[in-house]
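Let's take a friendly walk through some side-chain contacts. Please keep the sequence and the structure open while you read.

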Amino acid sequence: MTRQLRSAAGIATVLVAAVAGTAGVARAATAPPVQWCGSGPSATDLPDVVAGPQIHVIYAVLSDAPDRFGLISGGIATDLTAGAAWWQARDFSRVPRFDLGAFSCLPSLGALDISDVRLAHDSSYYAGSDSLFSALGLDLAGAGFSNAHKRYLVYFDSPVALPGDVCGRGSADAGYAQVYLAPDLKSGPTDSGCGNIESPDDRGGYSAIVAMHELLHSLGALDTTSSPGPPHACPGDAAHSCDPGDNQLDIMRPAGVTYWLDETYLDFGNDDYYGMPASDTWGDVQDSPWLRHLNAPSYTLDLAPGAGVASTTSDLPGVDCTGSTHCVSTWDAGTSVTLAATPAKGYARIQWGGACASAGTSSECTVAMTANQAVTLSYLKAVAVTALTAPRQIGKRVQVTLRLSRAPLHGEASVACRATTGLKLVSHVISGAAATCSWSVPARLRGSRVSGHIAVETDTGGTAARAWSLRLRP
C-alpha cells in the first residue's frame, strides 16, 4: 500500500559531525573518483534527458565570491555516486532519480546536470539574513529553480564562515536540500566538522552523509504531522531519529558518529521513515515519486511530431521536443504523463494519433505508461481567407463569399456578416472552404450602393475579414 508522504514541519537541520573522540579512526576512502563530464558550466537547468520527477543539483556561489565549480563538481559527482550506491545497497528496489545532462558519460552520475548559479546577493546579505535556508531558497526560486516536479539539492559555497555549526538544511515543504561548504565547516576523518568535498581522499565521507541526510529531509523524512508518528523521533526535534534504543548509525540522527557514509543505515529497523510495514501509517520515503523503481519494468514513450508542431512538452520532466524532432523517453511502469504541444506560426488545430487518438483536438493528452506507447501529433494550417468573391446581386438578394484556405472542422469557425442598414440578413453559412452571407434587398435601396464586412472567426480567437461594396441594380 502506498502511503501519503507528509513533509517535515519547518526546516530540518543536520549538525556538524560528532566524530572526534567517538569514531575518530582514519581509513582509506571507499568512494571511487567520478569526474564530472559536462561540456561546461551552465547557469540554467538543461533540457531533461531523464523522465519523471527528479533531483536537480545546483552549485551556488555568492555574487562577490570566486566560482569554484571546476573543483567542486567532481566532488559532487563522486559523493552522489557513492550516495546512490549506498542507497541501492540498502534497498535493491530503489535509487534517487537524479537529473542528468546529455553528456558523453551517460548514464553515470558523471553526467549530472549541475547548474552553476551565481546568486543575486553577496556575503553581507546572507550574513544579515535571519534564515540562510530561506534567503538562499528565495534567490534560487528567483533564478527559475521552482519546478514542482523537481527537488533541488544545493551546494552553497561560502568563502566566509557560516554561523551555527550547521552542515546543511532540508525541507519537503520548500523542495530544497542544502549542503553548506565553508572554511569553518571543513573536516577530515578524525575531526569534528562537515567533511571535505574538496579532497579526493575524503569524498564519500561526511559531505556525502550531509547530502543524503538533507535529501531525505526534502523527500519527507521524518513525518512530523501524523499521529502516531515515527517511534524513534527525537524529543523536541521530531524531524530526526535519535531514540536511545535506535542504532546510533542511522543517517537521520541530528549529528553523526561516523565520518563515512557506507557505515550508516537507511532507517535502521525500517520503522521510522523508510521501507516500513503497510500497517505503519506515517509517511514512507520509499514511496516517494523522486525514486526510480529498479524492480519494476520501464516503458518507452515514442513521440513523433508532424507538420505545424513548434514544441511538445510533458507535465513531468522528460519530454521537451522542438519542432518535428522524433523524441523517445523512458518511464517507470504506471507513470501518468500529460503531453501538451505548441503550434508553429500559421497552424492552429491539433490532431493527436496513436496512444493519444482519443484526445482528438484537445490541447492536452494523458498517456498511462502501462506498456510501450507511440504518439503522433500534428497541426492543420490555420484557417485563412484566400480571396473575396465579387459580391453579387441575385434577384432580390445580395450574396458575398469568402474563399478559405481549407474547410474548417466542425465547430472550428463561424461567419459574421455586416451590411448597410436596410439590408436584411437571411443566411450565413460555412460550406466546405467557403463562407457566405446573404441579404434581402428592400425596394427603397435598389439602384443605390451598399457595403459591409464579412468575417470568419475561429475558436482559437483568430479573425479574417474583408470589406465589400456593390451598386445595386434599379
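What follows is a short tour of aromatic pairs, charged contacts and one serine in a predicted model.

## Aromatic pairs

Let's begin with the rings. The model has 13 aromatic pairs. In one of them, Trp36 and Phe103 meet edge-to-face, with 5.8 Å centre to centre and 80° between the planes. Trp36 belongs to the loop between strand S1 (12–15) and strand S2 (54–61), while Phe103 belongs to the loop between strand S3 (94–96) and strand S4 (114–118), so this pair ties together parts that are 67 residues apart in sequence. Both Trp36 and Phe103 are buried. If you select Trp36, Tyr59, Phe69 and Phe103 together, you will see a cluster linked by ring pairs.

Next, have a look at Trp439 and Trp468. Their aromatic pair is tilted, with 5.1 Å centre to centre and 35° between the planes. The angle counts as tilted because stacked planes are under 30 degrees apart and edge-to-face planes over 60. Here the partners come from two strands: Trp439 lies in strand S23 (residues 434–440) and Trp468 in strand S25 (residues 463–471), so the pair ties together parts that are 29 residues apart in sequence. Trp439 is buried, and Trp468 is buried as well.

## Salt bridges

Now for the charges. The count of salt bridges comes to eight. In one of these, the side chain of Lys150 meets that of Asp48 at 2.8 Å, N to O. Lys150 sits in strand S5 (residues 150–157) and Asp48 in the loop between S1 and S2, so this salt bridge ties together parts that are 102 residues apart in sequence. Is Lys150 buried or exposed? With a relative accessible area of 2%, Lys150 is buried. There is also a network of salt bridges here, which links Asp45, Asp48, Asp99 and Lys150.

Another salt bridge joins the side chains of Lys186 and Glu198, at 3.2 Å from N to O. Both Lys186 and Glu198 are in the loop between strand S7 (176–181) and H4, 12 residues apart. Lys186 counts as partly exposed, at 40% relative accessibility. Glu198 has a relative accessible area of 23% and is partly exposed, because the cut-off for buried is under 20%.

Arg406 and Glu412 form a salt bridge too, and their closest N and O atoms are 2.6 Å apart. Arg406 is buried at 13% relative accessibility, and Glu412 is buried at 3%.

## Arg151 and Ser218

Arg151 is a good residue to click on next. Its charged end sits over the ring of Trp290, 4.1 Å from the ring centre. Arg151 is also one of the residues that Ser218 touches.

Where does Ser218 lie? Its place is in helix H4 (residues 206–218). Ser218 is buried, with a relative accessible area of 1%. Leaving out residues up to four places away in sequence, Ser218 touches Arg151, Ser171, Ala172, Tyr176 and Ala177. To see this spot for yourself, show Ser218 with these contacts, then add Trp290 under the charged end of Arg151.

Technical notes
Residues numbered from 1 in each chain as written. Predicted model: local features only at pLDDT ≥ 70, side-chain atom pairs only at ≥ 80, totals over all residues. Heavy atoms only, no water. Helix = DSSP H or I, 4+ residues; strand = E, 2+ residues; numbered from the N terminus. Buried < 20%, exposed > 50% of the residue type's maximum accessible area, 1.4 Å probe, protein only. Contact = heavy atoms within 4.5 Å. Phe/Tyr/Trp six-rings, centres within 6.5 Å; stacked < 30°, edge-to-face > 60°. Lys NZ or Arg CZ within 6 Å of the ring centre and 35° of its normal. Salt bridge = Lys/Arg side-chain N within 4 Å of Asp/Glu carboxyl O.
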